[in-house]
Amino acid sequence: MRIAVAGDLFRTRPRRALPRKVVPVHDETFASFLHRLALRNHVPGDVLHAYLGMGRPRRLPELTDLATVTGASQTVLSHALPELRDSASRHCGTTAGWPNQVRPACRHCVASRGIVAPVMCWMRPEQSVCPRHQLWIGAGVTTAAEQLDLSRLPEISRAQRRHRRIIRRHGHQVTAEAFTEATDIVAAWTQNETYDAARRRRHEIFYGPRRATHLHSSGHYAAGYPETVALSSLIASAYWRSLAVGNGAAAARFYAEVQRRVLSDYTMDSLQHDPVSRWVARKAPRWI
Ligand SMILES: [Zn+2]
């Protein structure tokens, strides 16, 4: 079917389906789905937007119109696409918006469905590993090529399960803030080249021995994820924060717990240069 661009067609509701069907991926963003639909049918994006009556600024189309154009049922569309879910189907998956983020779907999951175009999905904060394909799909991934094989690093999948437990226990807001602080601390360790043996080993598994990457690459985030999650579990806990800012014995228990949970080779010998103690001195009191 040729899509006419003349205005007479756009003044009415769409009446016909595009010739080539595109099945939405679960939790796919609406923009990603529409982009794939346009590509598959060789229709310019603007023409498809107009055909769906999306106007300017862009607004979501009527679900009935999208069902007509795609040939998919309204139920399939509203269950798969977070932006189109109503209150009845909100439980079907990840919601659109904070704390969830948009990232490329696991490239192996996408390929197994015969999809060749990039697919962007809404992902939960702890959704960093595809459990089926053991691929890093978390922070730092902006294209499918940046997804990393984790098959030799089971500790990263374990960290994802731990991350989920922290959210269940402390909620999204506290966990997100704790995770941000922990990410900064782990990045400081990496920049200082301290306590980084495990992260260097993981980085080498991803890229080989010599390749350098920047601190916001997927490899850096993936390599530091186990320590970041472990540290988040302490920072998110009001109990451990109170010990951290407490007197000598209480603080000693906190740092011993950092060694037990996060880094077995962590020492308290040079705390004045350590990013954890800097966090305790400058930021932890604001959390109490
Ligand atoms: Zn996958």
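## Two domains and a shared core

The C-alpha centres of domain 1 and domain 2 lie 42 Å apart. The model is a predicted one. Domain 1 covers residues 7–96 and domain 2 covers residues 154–287.

**Overall build.** The protein chain has 288 residues, and 36% of them count as buried. Its secondary structure comprises 13 helices and 5 strands. The C-alpha trace spans about 75 × 40 × 30 Å along its principal axes. Long-range contacts carry much of the count: among contacts with a separation of 6 or more, 59% join residues 24 or more positions apart.

**The core.** In soluble globular proteins, nonpolar side chains tend to be buried together. Here the largest nonpolar core has 62 residues. Trp136, Ala222 and Leu231 have the most contacts inside this core. Helix α7 gives the most to the core, with 10 residues. Both domains take part: the core draws at least three residues from each of domain 1 and domain 2.

Leu231 deserves a look of its own. Setting aside residues up to four places away in sequence, Leu231 touches Ala182, Ile185, Val186 and Val262.

**Helix packing.** Two packed helices are described by the angle between their axes and the distance between the axes. For α7 and α9 the angle is about 115°, and the axes are 5 Å apart. The crossing of these two helices is right-handed. Their contact involves 14 nonpolar residues, 9 polar and 4 charged.

The two helices and their residue ranges are set out below.

| Helix | Residues |
|---|---|
| α7 | residues 154–192 |
| α9 | residues 218–235 |

Helix α7 starts at residue 154, and domain 2 also begins at residue 154. Leu231 falls within the residue range of α9, 218–235. Its partners Ala182, Ile185 and Val186 fall within the α7 range, 154–192.

**An exposed histidine.** His91 sits in the loop between α5 (74–80) and β1 (101–104). Is His91 buried or exposed? His91 is exposed, because just 9 other C-beta atoms lie within 10 Å, and the cut-off for exposed is 12 or fewer. By sequence number, His91 belongs to the span of domain 1, 7–96. Arg282 belongs to the span of domain 2, 154–287. His91 and Arg282 are 191 residues apart in sequence. In space they are 40 Å apart, C-alpha to C-alpha.

Note on methods: Residues numbered from 1 in each chain as written. Predicted model: local features only at pLDDT ≥ 70, side-chain atom pairs only at ≥ 80, totals over all residues. Core = buried A, V, L, I, M, F, W, Y, C linked by C-beta atoms within 7 Å. Buried ≥ 20, exposed ≤ 12 C-beta atoms within 10 Å, placed from the backbone. Helix = DSSP H or I, 4+ residues; strand = E, 2+ residues; numbered from the N terminus. Domains from an automatic or database assignment. Contact = placed C-beta atoms within 7 Å. Axes fitted to C-alpha atoms, helices over the stretch in contact; angles between N-to-C directions. Left-handed = near helix turned anticlockwise from the far one by under 90°. Nonpolar A, V, L, I, M, F, W, Y, C, P; charged D, E, K, R; others polar.
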